[in-house]
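Work through the exercises below with the model open beside you. Try each task before you read its solution.

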Amino acid sequence: TYTLNIDVDGRSLSAVTMIPEHVPLDSLWFEPPRGEPNDSMAELWCKIIDPAGVSNYYRYLTATDGGPLIAGFATVTDDAFFDGKSFDFPLTKSEDPQEDIEPANFGLFKRGTSARIKWCNIDEQHFYFWNTLETSRSRQGPFSSYVRIASNIEGGLGIWGGYSVSYYDLVVPPK
């Protein structure tokens, strides 16, 4: 458990976080993308074995060819639907929000490139911060509902959070 206390000019901020037990990915592999045939791209699949009876919260980021790690559009999940299960799932490549996205290749990795995955376990408050932030980002326009971003900082806004992390470096196989 880690505590943050800041006192400046009569103002106080405080927060508490913890670094949860790490639940690594069991295995990772690439498959041809589903849908239209595409020889130049591959879909990343992972297997996880989630411990039973413990609330776990996950977040991930991806990078390609030594670039920066990027968080995608929906990078957090809890284990409410898969507590204690072992299963395979696709892990979407994060796209840089500053670049144009090719819809046919969205979330796929280009064959022959390198990929880095940052797989994180976070605590519940950390999960709610990222979950509300990502939900807010996806709700744009004058007719959308407002989302209040969750925070664990008393006297301020944001997140004081710890990560339990593993990194996976892969080469996307050429066809």
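**Exercise 1: A buried side chain**

N152 is buried, at 7% relative accessible area (buried means under 20% relative accessible area, exposed over 50%, partly exposed in between, with a 1.4 Å probe and protein chains only). This is a predicted model, where local features need pLDDT of at least 70, side-chain atom pairs count only at pLDDT 80 or more, and totals for chains, interfaces and linings use all residues. Residues are numbered from 1 along each chain as its sequence is written, and side-chain values use heavy atoms, with hydrogens and water left out.

Task: Find where N152 sits and which backbone oxygens its side chain reaches.

Solution.
- Step 1. Locate the residue. N152 lies in the loop between helix 1 (124-138) and strand 10. Helices (H or I, at least four residues) and strands (E, at least two) are DSSP runs, numbered from the N terminus.
- Step 2. Follow the side chain. It reaches the backbone oxygen of W160 at 2.9 Å. The side chain of N152 also reaches the backbone oxygen of V16, at 3.3 Å.
- Step 3. List the neighbours. Leaving aside those within four places in sequence, N152 is in contact with S14, A15, V16, Q125, G158, I159 and W160. Contact means heavy atoms within 4.5 Å.

**Exercise 2: Two charged partners**

Task: Decide whether R34 and E43 are buried or exposed, then describe how their side chains meet.

Solution.
- Step 1. Place R34. It is found in the loop between strand 3 and strand 4. R34 counts as exposed because its relative accessibility is 56%.
- Step 2. Place E43. This residue is in strand 4. E43 counts as buried because its relative accessibility is 10%.
- Step 3. Join them. The side chains of R34 and E43 make a polar contact at 2.6 Å. A polar contact is a pair of N or O atoms within 3.5 Å; within protein, one must be able to donate a hydrogen and the other to accept it, and residues adjacent in sequence count only if both atoms are side-chain atoms.
- Step 4. Widen the view. Leaving aside neighbours within four places in sequence, R34 touches E43, W45 and P90. With the same neighbours left aside, the contacts of E43 include W29, F30, R34, P90 and L108.
- Step 5. Check a distant pair. R34 and I159 are 125 residues apart in sequence and 37 Å apart in space, C-alpha to C-alpha.

**Exercise 3: The nonpolar cores**

Task: Name the residues that touch the most other members of the largest nonpolar core, and say which strand gives the largest share.

Solution.
- Step 1. Fix the term. A nonpolar core is a set of buried Ala, Val, Leu, Ile, Met, Phe, Trp, Tyr and Cys residues joined through side-chain atoms within 4.5 Å.
- Step 2. Pick out the hubs. The largest core has 20 residues, and L25, L28, F30, L44, L91, I117 and W119 touch the most other members.
- Step 3. Trace the elements. Strand 3 (25-31), strand 4 (41-49), strand 5, strand 9 (114-122) and strand 10 (164-171) each give two or more residues to this core. Strand 4 gives the largest share, 4 residues.
- Step 4. Zoom in on one hub. Leaving aside neighbours within four places in sequence, L25 is in contact with C46, K47, I48, F89, W119 and Y168.
- Step 5. Look for another core. A second, separate core has 8 residues, among them V76, C120, I122 and F127.
- Step 6. Recall the general trend. In soluble globular proteins, nonpolar side chains tend to be buried together.

**Exercise 4: The whole chain**

Task: Which elements does the chain have, and in what order do they run?

Solution.
- Step 1. Count. The chain has 1 helix and 10 strands.
- Step 2. Order them. From the N terminus on, they run β-β-β-β-β-β-β-β-β-α-β.
- Step 3. Size the box. The C-alpha atoms fill roughly 60 × 40 × 30 Å, taken along the principal axes.
- Step 4. Find the buried share. Of the 175 residues in the chain, 37% are buried.
- Step 5. Weigh the contacts. Among those between residues at least 6 apart in sequence, 69% join residues at least 24 apart.
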